[in-house]
Amino acid sequence: MTPPTTRPRRYWLMKSEPGECSIDDALAAKHATVPWTGVRNYQARNFMRDEMQAGDGVLFYHSSCPQPGIAGIAEIASAARPDPTQFDPDSPYFDPKASHGKPRWLLRDVKALRKTRLLGLAELRAHPELAHLKVLQRSNRLSITEVNEADWELILRLLA
DNA sequence: GCCAACGTTGGC
DNA sequence: GCCAACGTTGGC
């Protein structure tokens, strides 16, 4: 018997518009868990479909709002599964080219662990060690990016 | 509301 | 496969 394969825990930054799903909304949800619906970018989808693993750490980021920044800590809480909003003609995320037989968009459930103080962009930028963070790059539009372990640990220290 | 950057679309 | 037009993102 070969032992189950393991890999080091990975870390992600996931953007959510608080008007749609804030860290408070996620914490208030059943099991503090929300399906990460509405991602319609292939690179972000591929992270959810192929790269993530249950238990991975998540920086819960508020975007498109008065105070953008990291607002909480969460973790990946499920395997990949089809995003149901792609099949719903009444959803803004409806995708007429998707079908149940051939879903295009896969999501993960994300479990909120705690709300933190808001760690805003200006403060993130004030730490040169974090300068390479994807979310700080000029006009990065990707809603899911990977965070390396050193950055994860530094950010958790800043939030402590 | 502005606007730069980027992904997607579709004609060729 | 190219590439211009278009739509979206998202901080400011």
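Leaving aside its neighbours within four places in sequence, which residues is Ile144 in contact with? In this predicted model, the list takes in Trp12, Leu13 and Met14, then Trp36, Val39 and Ala44, and finally Phe47, Met48 and Met52. Ile144 also turns up among the residues of the largest nonpolar core, which has 23 members. Together with Met14, Trp36 and Met48, Ile144 touches the most other members of that core. Several pieces of the fold chip in here: β1 (11–16), α2 (23–28), α3 (42–51), β3 (57–62), β4 (69–76) and β7 (109–120) each supply at least two core residues. There is also a second, separate core, made up of 19 residues, and Ile70, Leu121, Trp152 and Ile155 are included in it.

Strand β3 is a good place to look next. Six of its six residues are buried, so β3 is largely enclosed by the rest of the structure. What about the directions in which its residues point? In a regular strand, side chains alternate between the two faces of the sheet. In β3, Gly57, Leu59 and Tyr61 point one way, while Val58, Phe60 and His62 point the other way, and all are buried.

β3 has strand partners, too. With β1 it pairs in the parallel sense, over six bridges, and Met14 stands opposite Phe60 of β3. With β4, β3 runs antiparallel, and six bridges join the two. Here Tyr61 has Ile70 in β4 as its bridge partner. β3 and β4 form a hairpin with six residues between them, and in the turn sits Ser64, with a positive phi of about 50 degrees.

That hairpin leads straight to the DNA. The residues around DNA strand C are Lys15, Tyr61, Ser63, Ser64, Pro68, Leu121, Arg125, Asn140 and Arg141. Of the atoms of DNA strand C that come within 4 Å of the protein, sugar and phosphate account for 78%. Some of the atom pairs can be picked out by name. Tyr61, the β3 residue bridged to Ile70, has a polar side-chain atom 3.0 Å from a phosphate oxygen of DNA strand C. Ser64, from the hairpin turn, uses its backbone instead: one of its N or O atoms lies 3.0 Å from a phosphate oxygen of this strand. For Arg125, a polar side-chain atom lies 3.5 Å from a phosphate oxygen of DNA strand C. Sorted by class, the surface near DNA strand C has three nonpolar, three polar and three charged residues.

Now for the other strand: which residues surround DNA strand B? They are Tyr42, Arg138, Ser139 and Arg141. Arg141 is also listed around DNA strand C. By class, the surface near DNA strand B has one nonpolar, one polar and two charged residues. Sugar or phosphate makes up 67% of the atoms of DNA strand B within 4 Å of the protein, with bases providing the rest.

Finally, a look at helix α3, which is where Asn46 is found. Is Asn46 buried or exposed? Its relative accessible area is 25%, so Asn46 counts as partly exposed, given that buried means under 20% and exposed over 50%. The side chain of Asn46 makes a polar contact with the side chain of Arg45, at 2.9 Å. Trp152, a member of the second core, is 106 residues from Asn46 in sequence and 21 Å from Asn46 in space, C-alpha to C-alpha.

Methods. Residues are numbered from 1 along each chain as its sequence is written. Chains are lettered from A and ligands numbered from 1 in the order in which they are written. This is a predicted model: local features need pLDDT of at least 70, side-chain atom pairs count only at pLDDT 80 or more; totals for chains, interfaces and linings use all residues. Side-chain values use heavy atoms; hydrogens and water are left out. A nonpolar core is a set of buried Ala, Val, Leu, Ile, Met, Phe, Trp, Tyr and Cys residues joined through side-chain atoms within 4.5 Å. Buried means under 20% relative accessible area, exposed over 50%, partly exposed in between (1.4 Å probe, protein chains only). Helices (H or I, at least four residues) and strands (E, at least two) are DSSP runs, numbered from the N terminus. Contact means heavy atoms within 4.5 Å. A residue is near a molecule or strand if one of its heavy atoms lies within 4 Å of it. Ala, Val, Leu, Ile, Met, Phe, Trp, Tyr, Cys and Pro count as nonpolar, Asp, Glu, Lys and Arg as charged, and the others, Gly among them, as polar. A polar contact is a pair of N or O atoms within 3.5 Å; within protein, one must be able to donate a hydrogen and the other to accept it, and residues adjacent in sequence count only if both atoms are side-chain atoms. Two strands pair if DSSP finds at least two bridges between them.
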